[in-house]
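Student: I should like to work through the architecture of this protein by question and answer. Could we begin with the packing of its helices and then turn to its sheets?

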Amino acid sequence: MMDEKFERHEIDMDLLNKYLEDKDYLKLKNQIQKYNPVDITDYIESLDLKSAMLVFRLLNKDDCIDVFSHMEKDHRTRLLEAFSDKEVKFIVDELYFDDMIDLIEEMPAGIVKKVLRHTDKSERNLINQFLNYPEDSAGSLMTIEYIELRSYYTVRKALEVIKKTGVDKQTVYTCFVTNEKKTLLGFVSLRTIVTNEPETLIEDLMDEDVIYVHTDDDQETVADVFKKYGFVVLPVVDNEKRLTGIITVDDIMEVMEQEATEDFQIMAGMSPDEDDYLDQGVFNLAKKRIAWLLILMVSATFTGSIMTHYESLLGQAIILTAFIPMIMDTGGNSGSQSSTLIIRGLATGEISTKDWLKVFFKEFRVALVVSVVMSIVCFIKTMVVDKVSVPIGLVVSLTLIFTIVTAKLIGGMLPIIAKKLKLDPAIMAGPLITTVVDALSLLIYFEMAHIALGI
């Protein structure tokens, strides 16, 4: 039977709150130790500061560090402000180095001073070095807590090093091999080490085909490497291929979530923001949205200008106005479909900028199939339901063909062009594509009507 310590327990907040209200702290401590640190974090974040401090102090050493690491920024801040110097020192001493860097980067200046006061000079120098790496770079993500071996070590010596230093490392399952100048030579797994004879040399066991990233590589590049190779840990080197740190999969999962959120916000026509929605003020949220809305509003005035230009045409064939919303909506929807697929393909690495010609021809063929089917349905509908003349029905149906083809090609190409220009492809998403396609669809519509109807 599984030991009770490792059983999965669903957190019972009502029970915990009852123990808390009854001041039965012994039962509260025993009960809360049964839960996963992530669930404990959710519980503590639901409490007021006084109760949160009390519950946090009841946790054992390992759990309180895990819980603190999982907390949202605002909850970390309020605890650190309330902590005694002794408690701050304990947190600083026990946190993994990369978690401490993240803590310092996101905390207010007053809290940072309180944290740094409890670090020694060498650690402060390392912190300053890490803080100087570009934001969102591999250097800012990495940790220095890894197992480092020399190629001339025997298996016996390597195991001694792992046993001696592994307690404080983020991972011991992958060990990196370097020379005296810290140049990265390769890696070896713990499984390989423990399954070989004690006198076997590490250089005979290590894999020299090591994949790594540089300290100044963008975090999206790092995420792409993790996704492509399925790593759980990735070494980070400087320009001279010296090992400077590692990035673990849990850190990169946060990056992936952050990048996905940022893309969704950009695609919706908003400035990227990492703060939680409920934690932000009304004016801050408005500020993030209004810039894009103003740009799109001004861009949409071109649509009005086009309609004004063809005012005489509309005056003589007023029935044309009835189909404008349908044509514009269909064009915008068609462009958004293509742009969404291409943006996702670029984000996952499925599509690269070199594939632009393949994308162009594929979208062109898809657009032809879709537009022909829709134009036939549209023509039947205009004849049977709307009972318009054949020339008007043909104008509307042919306009749909040209609009859908144009929209899908624009939706497929603009994200690739953005990527080529080193812009975020998500910029070329729904709102912008729709604005561009609306103007073009009207131009096509009115020009075809002008030619077909002779007005």
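Student: At what angle do helix α5 (residues 61-70) and helix α7 (residues 85-94) pack, and how is their arrangement classed?

Tutor: In this predicted model, the axes of α5 and α7 lie 10 Å apart. The angle between them is about 85°. Angles of 65 to 115 degrees count as roughly perpendicular, so α5 is classed relative to α7 as roughly perpendicular.

Student: Which residues make that contact, and how many of them are nonpolar?

Tutor: Helix α5 contributes Lys61, Cys64, Ile65 and Phe68. From α7 come Phe90, Ile91 and Glu94. Among the contact residues no polar ones are found and 2 are charged, while the number of nonpolar ones is 5.

Student: How are helix α20 (residues 356-384) and helix α21 (residues 390-420) oriented relative to each other?

Tutor: The axes of α20 and α21 come within 8 Å and cross at roughly 155°. Angles over 145 degrees count as roughly antiparallel. The relation of α20 to α21 is therefore roughly antiparallel.

Student: Is the crossing of α20 and α21 left-handed or right-handed, and what residue classes make up the contact?

Tutor: The contact of α20 with α21 divides into 22 nonpolar, 6 polar and 2 charged residues. As for its hand, the crossing of these two helices is right-handed.

Student: What is the strand order of the open sheet that contains β2, and which of its strands stand at the edges?

Tutor: This sheet has 3 strands with mixed pairing, in the order β1-β2-β3. From one strand to the next the twist averages 35°. Each edge strand has a single partner, so one side of it is left without a neighbour in the sheet; the edge strands are β1 and β3.

Student: How are β2 (residues 174-178) and β3 (residues 184-189) joined, and which residue in the turn has a positive phi?

Tutor: The two strands run antiparallel and are joined by 5 bridges. One of the bridge pairs sets cysteine 175 opposite valine 188 in β3. β2 and β3 form a hairpin with 5 residues between them, and the turn residue with a positive phi, about 65°, is lysine 182.

Student: Where is threonine 154 placed, and which backbone nitrogen does its side chain reach?

Tutor: Threonine 154 sits in the loop between β1 (148-150) and α12 (155-165). Beyond four places in sequence, threonine 154 is in contact with Pro198, Glu199, Thr200, Leu201 and Ile202. At 3.2 Å, its side chain reaches the backbone nitrogen of lysine 157.

Student: In the open sheet containing β4, β5 and β6, what is the strand order, and why is one side of each edge strand left without a neighbour?

Tutor: The order is β4-β5-β6, with mixed pairing. One side of each edge strand is left without a neighbour because each has a single partner strand; these edge strands are β4 (213-214) and β6 (243-248).

Student: How do β5 (residues 233-237) and β6 run, and which helix lies across this sheet's strands?

Tutor: β5 and β6 run antiparallel, joined by 5 bridges. Within this pairing, leucine 234 has isoleucine 247 of β6 as its bridge partner. Lying across β4, β5 and β6, at about 140° to β5, is helix α15 (residues 219-229).

Note on methods. Residues are numbered from 1 along each chain as its sequence is written. This is a predicted model: local features need pLDDT of at least 70, side-chain atom pairs count only at pLDDT 80 or more; totals for chains, interfaces and linings use all residues. Side-chain values use heavy atoms; hydrogens and water are left out. Two strands pair if DSSP finds at least two bridges between them. Helices (H or I, at least four residues) and strands (E, at least two) are DSSP runs, numbered from the N terminus. Contact means heavy atoms within 4.5 Å. Axes are lines fitted to C-alpha atoms, for helices over the stretch in contact, and angles run from 0 to 180 degrees between N-to-C directions. A polar contact is a pair of N or O atoms within 3.5 Å; within protein, one must be able to donate a hydrogen and the other to accept it, and residues adjacent in sequence count only if both atoms are side-chain atoms. Angles under 35 degrees count as roughly parallel, over 145 as roughly antiparallel, 65 to 115 as roughly perpendicular and the rest as oblique. Ala, Val, Leu, Ile, Met, Phe, Trp, Tyr, Cys and Pro count as nonpolar, Asp, Glu, Lys and Arg as charged, and the others, Gly among them, as polar. A crossing is left-handed if the near helix is turned anticlockwise from the far one by less than a right angle, and right-handed if clockwise.
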